[in-house]
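Trainee: I want to learn to read side-chain burial and contacts in a model. Where do we start?

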Amino acid sequence: MTDSRESRGQAEISFVVNGEPKTVRAYPMERLLDVLRQQLQLTGTKEGCGEGECGSCSVLMDGSLVNSCLVPVLQAQGASIVTIEGLACGETLHVLQETFLECGGAQCGICTPGMILAACHLLNRTPTPTLEEIREGLSGNLCRCTGYAQIVEAVAEAARRGTST
Ligand code: FES
Ligand code: FES
């Protein structure tokens, strides 16, 4: 039904998600968050505030940490995106996923995918961060459950073990 009234104004937009080329048909101003979750079934990316305040919807886009609730899908044209689903390698968890589990960095889990991607972004740039740098690197990501101490410890432990996205 590509010529129906509903689809008028939609465009084909192509990008790479977790290493796989994807083409979606969407309105240019649709939120990347919705396209990831609804069209690509990548529901690991969570919606918290929907206003750019909480970081739950964080993904990596061309290596930058972005709030996917604020990104029109058109901006993703040609980009390379990493979501939480792209971190594990088969059955093997990413080191940050392991340390979040071991340190109690995930409770309800709503903030966790975004928090882990923010941590990836930090460790990609600063492989051996201080605790202050970890807190600063995660400052755009809110957690209502943990009090942050376990999250900071999880990132510090991942840094000790060594990681990269
Ligand atoms: S849902 Fe995107 S920043 Fe809160
Ligand atoms: S674990 Fe619940 S919001 Fe962070």
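Mentor: Start with three words. Buried means under 20% relative accessible area, exposed means over 50%, and partly exposed lies in between. Keep in mind that this model is predicted.

Trainee: Is Arg161 buried, exposed or partly exposed?

Mentor: Arg161 has a relative accessible area of 39%. That value lies between the two cut-offs, so Arg161 is partly exposed.

Trainee: Which residue does the side chain of Arg161 meet in a salt bridge?

Mentor: Look for a Lys or Arg nitrogen within 4 Å of an Asp or Glu carboxyl oxygen. The partner of Arg161 is Glu157, at 2.8 Å from N to O. Glu157 is buried, because its relative accessible area of 19% is under 20%.

Trainee: How many residues apart are Arg161 and Glu157 in helix α5?

Mentor: They are 4 residues apart in helix α5 (residues 149-161). That spacing is about one helical turn.

Trainee: Which salt bridge does Arg160 form?

Mentor: Arg160 pairs with Glu153, and their closest N and O atoms are 2.8 Å apart. Arg160 is exposed at 55%. Glu153 is partly exposed at 36%. Now zoom out. Glu98, Glu102, Glu153, Glu157, Arg160 and Arg161 are linked in a network of salt bridges.

Trainee: How many salt bridges does the count come to?

Mentor: The count is 9. One of them joins Glu132 and Arg135, at 3.3 Å from N to O. Both residues lie in helix α4 (residues 131-137), 3 residues apart, about one turn of the helix. Glu132 is exposed at 53%, while Arg135 is partly exposed at 44%.

Trainee: Now the nonpolar side. Which residues touch the most other members in the largest nonpolar core?

Mentor: In a core, look for the residues with many neighbours. Leu96, Phe100, Leu138 and Val155 touch the most other members of this 26-residue core. The elements giving two or more residues to this core are α2 (95-103), α3 (112-125) and α5. α3 gives the most, with 8 residues.

Trainee: What does Val155 touch?

Mentor: Leave out residues up to four places away in sequence. Val155 then touches Leu96, Phe100, Ala119, Leu122, Leu123, Ile134 and Leu138. There is also a second, separate core of 18 residues, with Ile13, Leu32, Leu36 and Val73 among them.

Trainee: Where is Thr146 found?

Mentor: Thr146 sits in the loop between α4 and α5. Do not assume that a loop residue is exposed. Thr146 has 8% relative accessibility, so it counts as buried. A polar atom of the Thr146 side chain lies 3.0 Å from the backbone nitrogen of Tyr148. Beyond four places in sequence, Thr146 touches Gly104, Gly105, Gln107 and Ile151.

Trainee: Last feature, the strands. Do β1 and β2 run parallel or antiparallel?

Mentor: First the general idea. In a regular strand, side chains alternate between the two faces of the sheet. Now the case here. Strand β1 (residues 11-17) and strand β2 (residues 20-26) run antiparallel, joined by 7 bridges. Ala11, for instance, has Ala26 in β2 as its bridge partner.

Trainee: How many residues lie between β1 and β2 in the hairpin?

Mentor: The hairpin has 2 residues between its strands. Check the backbone angles in the turn. Asn18 has a positive phi there, of about 50°.

Conventions:
Residues numbered from 1 in each chain as written. Chains lettered and ligands numbered in written order. Predicted model: local features only at pLDDT ≥ 70, side-chain atom pairs only at ≥ 80, totals over all residues. Heavy atoms only, no water. Buried < 20%, exposed > 50% of the residue type's maximum accessible area, 1.4 Å probe, protein only. Core = buried A, V, L, I, M, F, W, Y, C linked by side-chain atoms within 4.5 Å. Contact = heavy atoms within 4.5 Å. Polar contact = N/O pair within 3.5 Å; in protein donor to acceptor, adjacent residues only side chain to side chain. Pairing = 2+ DSSP bridges.
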